[in-house]
Amino acid sequence: MKKLVIKSAIYFFLILLVLEVIVRIFHLGKDTPARFLDSYEVEKWKPNQNGFSVTGNRRQNFSEYHINSSGYNSYREFTPTKDKIEVALVGDSFIEGFHQDYYNSIGKKIETKIPKIEVYEYGYAGYDFADQLHLVHSYKKQFDLIDHVILGIKFSNDLTRGEYNVMRGRLDLESPINKLLKKSKLLVYCKSIGVLDPPQELIYRIRKTLRPQQKDAAIDKNEALRIQQENEKKYLENFKSLVSKYNYDKKRFTLLLDSRITNSTFLSYLKKNNFTYIDFATSFEASKKSTTLIYDRHWNNHGRNLIAKTIIEHLNTIKMFR
């Protein structure tokens with residue numbers, strides 16, 4: 001019996017070792033770059049990292065990323081000057097572009113059509129509007145040299161707070177234990193394809209059983225509508241608070257949004273108060289091809305082409321970019 005247990009343990013270890021090697025050889029597990037908080041309390045990726053972003057159990061999406069010296073995924077460095085013409089794209093994972101090779105980014109697509117400009121992509125997964133304006137404010141000297149700034153915004157989840165504060169949740173992923181666990185590509189791969197979901201769900205159920213919580217009362221449709229309206233009002237007030245605090249520059253700043261999923265009151269407020277925005281809803285609706293990836297709502301290459309085209313059309317209305 002003792003020999004059986006020892007042999008089983010050895011075979012189990014060897015199987016894990018072989019699987020680890022296979023995952024590494026075929027790049028099945030994603031390389032997640034390290035995060036950090038800089039001296040301005042801006043959360044970003046640690047500079048000068050390279051790796052591959054992988055999604056799906058059959059490498060449904062495999063793309064290379066490059067974190068530049070500024071801490072963002074880009075094929076170029078951010079070196080704005082008074083002599084050049086630059087555009088900044090600021091936003092979350094959609095701008096960050098880990099779902100596409102860094103040398104085929106939205107910024108690169110724009111530069112191909114307008115060769116005289118440089119496009120800087122300040123994208124970081126999870127950035128909301130407060131994160132974006134805090135970034136622009138913190139690096140004011142750099143952004144003052146950039147001729148035009150485009151900020152991605154989604155009304156339903158980018159305006160949930162009216163002031164900036166550090167969100168520790170993402171930074172907690174850089175704990176010593178998580179760093180140690182991420183060294184195993186097999187473990188990273190198993191987590192990404194959901195193999196670890198059942199045991200995690202079991203642990204959650206056990207904890208819930210040991211600490212029973214009072215069930216929330218059912219919310220009727222009228223109450224749900226009231227909550228939604230209150231949230232929409234709050235989001236608009238948060239927007240007003242943020243643009244006021246950070247001295248939003250209406251002449252140089254433009255919002256990038258999808259009017260199909262944007263509150264009509266918010267759109268009316270933008271128009272009434274002369275906030276310029278780029279709406280890509282029309283181009284996406286007219287597209288006969290899918291604009292998003294199969295497994296999530298991030299833009300695919302076609303969608304990113306349409307985004308680049310829509311931005312180019314906007315820039316061509318501005319004299320310096322023609």
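Two strands count as paired here if DSSP finds at least two bridges between them. With that in hand, here are some close-up views of this predicted model.

**View 1. Strands E5 and E7 run side by side in an open sheet.** Strand E5 (residues 85-91) and strand E7 (residues 148-152) are parallel and joined by four bridges. Look for Leu 89, which stands opposite Ile 150 in E7. Zooming out a little, the sheet has five strands in the order E6-E5-E7-E8-E9, with parallel pairing. Strand E6 (117-123) and strand E9 (277-279) each have a single partner strand, so one side of each has no neighbour in the sheet. On average, neighbouring strands are turned by 20 degrees against each other, direction ignored.

**View 2. Helix H4 lies across four strands.** Helix H4 (residues 129-138) lies across E5, E6, E7 and strand E8 (253-257). Relative to E7, H4 runs at about 160 degrees.

**View 3. Arg 76 and Glu 111 meet in a salt bridge.** Their side chains come to 3.0 Å, N to O. Arg 76 belongs to the loop between strand E4 (61-67) and E5, while Glu 111 sits in helix H3 (residues 106-113), so the pair ties together parts that are 35 residues apart in sequence. Are these two partners buried or exposed? Arg 76 has a relative accessible area of 17%, and buried means under 20%, so Arg 76 is buried. Glu 111 is buried as well, at 8% relative accessibility. Salt bridges with shared partners join Arg 76, Lys 84, Glu 111 and Glu 118 into one network.

**View 4. Asp 128 pairs with Arg 161.** The side chains form a salt bridge at 2.7 Å, N to O. Asp 128 is in the loop between E6 and H4, and Arg 161 is in the loop between helix H6 (155-158) and helix H7 (168-171), so this salt bridge ties together parts that are 33 residues apart in sequence. Asp 128 and Arg 161 are both buried.

**View 5. Asp 144 reaches Arg 252 across 108 residues of sequence.** The closest N and O atoms of this salt bridge are 3.7 Å apart. Asp 144 lies in helix H5 (residues 140-144), and Arg 252 lies in the loop between helix H11 (221-245) and E8. Asp 144 is partly exposed at 43% relative accessibility, whereas Arg 252 is buried at 17%. For the whole model, the count comes to 15 salt bridges.

**View 6. Asp 296 has polar partners in His 99 and His 298.** Asp 296 is found in the loop between helix H13 (281-286) and H14. With 22% relative accessibility, Asp 296 counts as partly exposed. The side chain of Asp 296 makes a polar contact with the side chain of His 99 (3.5 Å). A polar atom of the Asp 296 side chain also lies 3.0 Å from the backbone nitrogen of His 298. Should you wish to place Ser 156 in the same picture, its C-alpha is 17 Å from that of Asp 296, and the two are 140 residues apart in sequence.

**View 7. Helix H14 begins with a cap from Asn 300.** A side-chain oxygen of Asn 300 lies 3.1 Å from the backbone nitrogen of His 302, capping the N-terminal end of H14. The helix (residues 301-315) has 15 residues and reaches 21 Å from its first C-alpha to its last, close to the 21 Å expected at 1.5 Å a residue. Its buried residues include Arg 304, Leu 306, Ile 307, Thr 310 and His 314.

Terms used
Residues are numbered from 1 along each chain as its sequence is written. This is a predicted model: local features need pLDDT of at least 70, side-chain atom pairs count only at pLDDT 80 or more; totals for chains, interfaces and linings use all residues. Side-chain values use heavy atoms; hydrogens and water are left out. Helices (H or I, at least four residues) and strands (E, at least two) are DSSP runs, numbered from the N terminus. Axes are lines fitted to C-alpha atoms, for helices over the stretch in contact, and angles run from 0 to 180 degrees between N-to-C directions. Contact means heavy atoms within 4.5 Å. The expected span of a helix is 1.5 Å times one less than its number of residues. Buried means under 20% relative accessible area, exposed over 50%, partly exposed in between (1.4 Å probe, protein chains only). A polar contact is a pair of N or O atoms within 3.5 Å; within protein, one must be able to donate a hydrogen and the other to accept it, and residues adjacent in sequence count only if both atoms are side-chain atoms. A salt bridge is a side-chain nitrogen of Lys or Arg within 4 Å of a carboxyl oxygen of Asp or Glu.
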